[in-house]
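Morning, everyone. Please look at the screen while I bring up the model.

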Amino acid sequence: MTTRARSFDAAAASYAAHRPGYPPALLDAVEELAGRPLAGARVADVGAGTGIATGLLHGRGAEVVAVEPGDGMAAQLRRAHPGIPVVRGDGDRLPLATGAFDLLTYAQAWHWTDPARSVPEARRVLRPGGALAIWWNDADLTVPWIAEQEARLAEFFGAAKGKGFRTLPRGLGGFTSRSVRWSRRIPLDAHLANLASHSAFLMLGEPGTRDHFAAERELLAPLFPDGTVEESYVVSLHVTRV
């Protein structure tokens, strides 16, 4: 898991350029379920990557600290958000003061942790009444072309592309969940670059994936003759207060 998580470092620039962000409705839901506005909240964004969620939280007025273990990802985050503090660490060893934060966020990142370590760490750094927010942004399988693409990916990798290890932690009380659907329109090349930035492809490397992406381009080009793909997503948000 550590090796796979660190695979993003070599592709940090592409990750920052092509990975999807998150819709405003997601941050609205975080505020509702956490029971407080983001403005003025002390937030640690753990596994912050290139700062996609970090920047949005900061834009809502949160006092954000980014926690990121990877060299390449942390460097990209600093370039994109020079005013946001970045500390090196991960969810299993949070380099943060005890009881100092109103909210911990894990955007696409909780599954890289060991819950036996990350749950006690979350409890430690959150103030009484603080909240933990975990979310994953997944392709919307109710859209036919996306479901067909996901099936091809599952066949290519011989598995469901790693989604099976996305589980919520025990020992933190009950989670309240919310699904947020949204979409974005991007060039076909950007869509393929987004796929290529996922850890399963990064672990294989470019030679092992070249033919797959060539075939994807041939399949998708007739569906999107203007060269613009509409990617549809479902964000699964889970929040608990401690």
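Which residues does L38 touch, not counting residues up to four places away in sequence? Keep in mind that this is a predicted model. L38 touches L27, V30, E31, L57, R60, G61, A62 and L103.

Now zoom out to the core around it. L38 belongs to the largest nonpolar core, which has 25 residues. L38 is among the members that touch the most other members, together with Y22, V43, L103, W135, V235 and L237. Who supplies this core? Helices α3 (24–34) and α4 (52–59) each give at least two residues. So do the strands β4 (101–107), β5 (126–139), β6 (176–187) and β7 (228–241). Helix α3 gives the most, with six residues. There is also a second, separate core of 21 residues. Its members include L96, Y106, V119 and L132.

Next, salt bridges. How many salt bridges does a search of the whole structure find? The count is 13. Let me take three of them.

Start with two contacts of L38, namely E31 and R60. Their side chains meet in a salt bridge, 3.2 Å from N to O. E31 sits in helix α3, and R60 sits in the loop between α4 and β2 (63–67), so this pair ties together parts that are 29 residues apart in sequence. R60 is partly exposed, because its relative accessibility is 25%. There is a third partner here: D28, E31 and R60 are linked in a network of salt bridges.

The second pair is D71 and R88, with the closest N and O atoms 2.6 Å apart. D71 lies in helix α5 (residues 71–80), R88 in the loop between β3 (86–87) and β4, so the pair ties together parts 17 residues apart in sequence. D71 is exposed, with a relative accessible area of 55%. R88 counts as partly exposed, at 35%.

The third pair is R184 and E231, at 2.7 Å, N to O. R184 is in strand β6 and E231 in strand β7, 47 residues apart. Are these two buried or exposed? R184 counts as buried, at 16% relative accessibility. E231 is buried too, with a relative accessible area of 2%.

One last stop: T209, in helix α10 (residues 206–220). T209 is buried, because its relative accessible area is 5% and the cut-off for buried is under 20%. Leaving aside neighbours within four places in sequence, T209 is in contact with F201 and L204.

That's my tour. Thanks for listening.

Methods: Residues are numbered from 1 along each chain as its sequence is written. This is a predicted model: local features need pLDDT of at least 70, side-chain atom pairs count only at pLDDT 80 or more; totals for chains, interfaces and linings use all residues. Side-chain values use heavy atoms; hydrogens and water are left out. A nonpolar core is a set of buried Ala, Val, Leu, Ile, Met, Phe, Trp, Tyr and Cys residues joined through side-chain atoms within 4.5 Å. Buried means under 20% relative accessible area, exposed over 50%, partly exposed in between (1.4 Å probe, protein chains only). Helices (H or I, at least four residues) and strands (E, at least two) are DSSP runs, numbered from the N terminus. Contact means heavy atoms within 4.5 Å. A salt bridge is a side-chain nitrogen of Lys or Arg within 4 Å of a carboxyl oxygen of Asp or Glu.
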